[in-house]
Every structure is written in structure tokens, then in C-alpha cells.
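Please read the points below alongside the coordinates. They cover two helices, the pocket and a few single residues.

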Amino acid sequence: MEQADRDGDELTPLHPNYVKSLRVSWLIGTLPFVIGALVLEVAGVLPRGSFIAPVLLVALYAIIRVPLRRYQARGFQMGGDRLRVVRGLLFRSDTVVPFGRVQHIDVHQGPIERGYGLATLVLHTAGNHNASVRLPGLAHDDAVAMREEIRAHVKRETM
């Protein structure tokens, strides 16, 4: 399933498990608000249902819809000498990283990503201290393979 961007180039979508991992992250993030709303509801501070209902609706929207939109707004394209990463809903970012500028490459896995077999590929480039590009939502094996392919390309260029 490929998605096309405005330039007509085909972008490779992220792994479908990325939506699931984002949903778990949003669930963890919204849980304190739901618990707080339940405490206020039980304490009888506000009229019954006036606080918990809106909090639950917002939490459900954040858990169900937001991860899907974030997934659909991301993609990448790996060429022979560059990696292109596209992301963003309101503020669209289209980043092209030439392999010749790559200083080092990391593959990160948090506990949620590890549970879904995902990883984040991070390319650190020449430039200022924040010159890195993150590509989350890749299958771990794909991220490792991409790292090795980029590393081999960089190694060929330096010889």
C-alpha cells in the first residue's frame, strides 16, 4: 500500500503496527486525565457527568483517531543515495537526507515499540547539534537493514 505525495513520488508507508503502538502511547498519556475526571466525579464536585463525559470523549478521540491520522501523514522513500522522510498534519515536513552527510545511524526501540516489533531509525547528519532525522514506525528488521544499507553506502563514499 503506497501513498503518493504532491510531487507524484511514491512514499512507502510505515508498518501498520505503528498505529497500535501510538494508540497504546495515547492511552497511557490520557489515563491520568481520565483518572482525575473520575476522582472529581466521585467527589461530587461538579454535577454528575459534566466532567467525565467530555474527558472520555476527548480521550477516545485521542486514542482512536489521532494515531491513525499521524500514521497516514507519514511516509518515506529510500533512494540510492538519499532518504526522504515526509511527516506532518498541519505543518508538513519533507526532509531529504543525502547519505554523504550522515555521521552515524541509530536504531531505537522503546518498550511499546519492542512489544510490536517496531523501531525508530535515527540519522545524525553533519551540521548543528540538532541535525538528526527520525523515522519511527519501521519493522525492527527493516530498520536494521536500512541502517546497514546506509552504512554500506557511506563506507563506499569514504573509500
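1. Buried here means a relative accessible area under 20%, exposed means over 50%, and partly exposed lies in between. The model is predicted, and every value in this note is computed from that prediction.

2. Helix H2 runs over residues 52-72. By the buried criterion, Ile52, Val55, Ala59, Ala62, Ile63, Pro67 and Tyr71 of H2 qualify. An α-helix has 3.6 residues a turn, so residues three or four places apart point the same way. Part of the cover over the buried residues of H2 comes from helix H1 (17-43).

3. What end-to-end distance should H2 have at 1.5 Å a residue? For its 21 residues the expected span is 30 Å, and the end C-alpha atoms are 30 Å apart, so the two agree. H2 nevertheless has a bend of about 35°, located at alanine 62. Alanine 62 is also among the buried residues of this helix.

4. H1 contains 27 residues, and the distance from its first C-alpha to its last is 39 Å, close to the 39 Å expected at 1.5 Å a residue. H1 bends by about 35° at threonine 30, with proline 32 following within four residues. Just after H1, glycine 44 adopts a positive phi of about 75°.

5. The buried residues of H1 are Asn17, Tyr18, Val19, Ser21, Leu22, Thr30, Val34, Ala37 and Glu41. Threonine 30, the site of the bend, is thus listed with a charged residue, Glu41, among the buried positions. Which elements help to cover the buried residues of H1? They include H2, helix H3 (111-115), strand S7 (118-125) and strand S8.

6. Asparagine 17 belongs to H1. Its relative accessible area is 17%, which is under the 20% cut-off, so asparagine 17 counts as buried. Leaving aside residues up to four places away in sequence, asparagine 17 is in contact with Tyr116 and Leu118. Leu118 falls within S7 (118-125), one of the elements that cover buried residues of H1.

7. The largest pocket has a volume of about 150 Å³. Its lining consists of Tyr18, Arg70, Arg74, Val85, Arg87, Ser93, Thr95, Ser132, Val133, Arg134 and Pro136. By class, that lining holds four nonpolar, three polar and four charged residues. Tyr18, one of the lining residues, is also one of the buried residues of H1.

8. Where does the lining come from? Strand S4 (82-87), strand S5 (93-98) and strand S8 (132-139) each contribute at least two residues. S8 gives the largest share, four residues, and S8 also helps to cover the buried residues of H1.

9. Proline 98 is located in strand S5. With a relative accessible area of 36%, between the 20% and 50% limits, proline 98 is classed as partly exposed. Apart from residues up to four places away in sequence, proline 98 touches Asp81 and Arg82. Proline 98 and glycine 80 are 18 residues apart along the chain, and their C-alpha atoms are separated by 9.5 Å.

10. Is arginine 156 buried or exposed? Arginine 156, in helix H4 (residues 140-158), has a relative accessible area of 56% and is exposed. Between arginine 156 and glutamine 72 there are 34 Å, C-alpha to C-alpha, and the pair is 84 residues apart in sequence.

Note on methods. Residues are numbered from 1 along each chain as its sequence is written. This is a predicted model: local features need pLDDT of at least 70, side-chain atom pairs count only at pLDDT 80 or more; totals for chains, interfaces and linings use all residues. Side-chain values use heavy atoms; hydrogens and water are left out. On a 1 Å grid over the protein atoms alone, a cavity is a set of points where a 1.4 Å probe fits but cannot get out, and a pocket is an open set with protein on both sides within 12 Å along at least five of seven lines; lining residues have an atom within 4 Å of a point. Grid points are joined across faces, edges and corners, and a volume is the space filled by probe spheres set on the points. The expected span of a helix is 1.5 Å times one less than its number of residues. The bend at a residue is the angle between axes fitted to the seven residues ending there and the seven starting there. Buried means under 20% relative accessible area, exposed over 50%, partly exposed in between (1.4 Å probe, protein chains only). Contact means heavy atoms within 4.5 Å.
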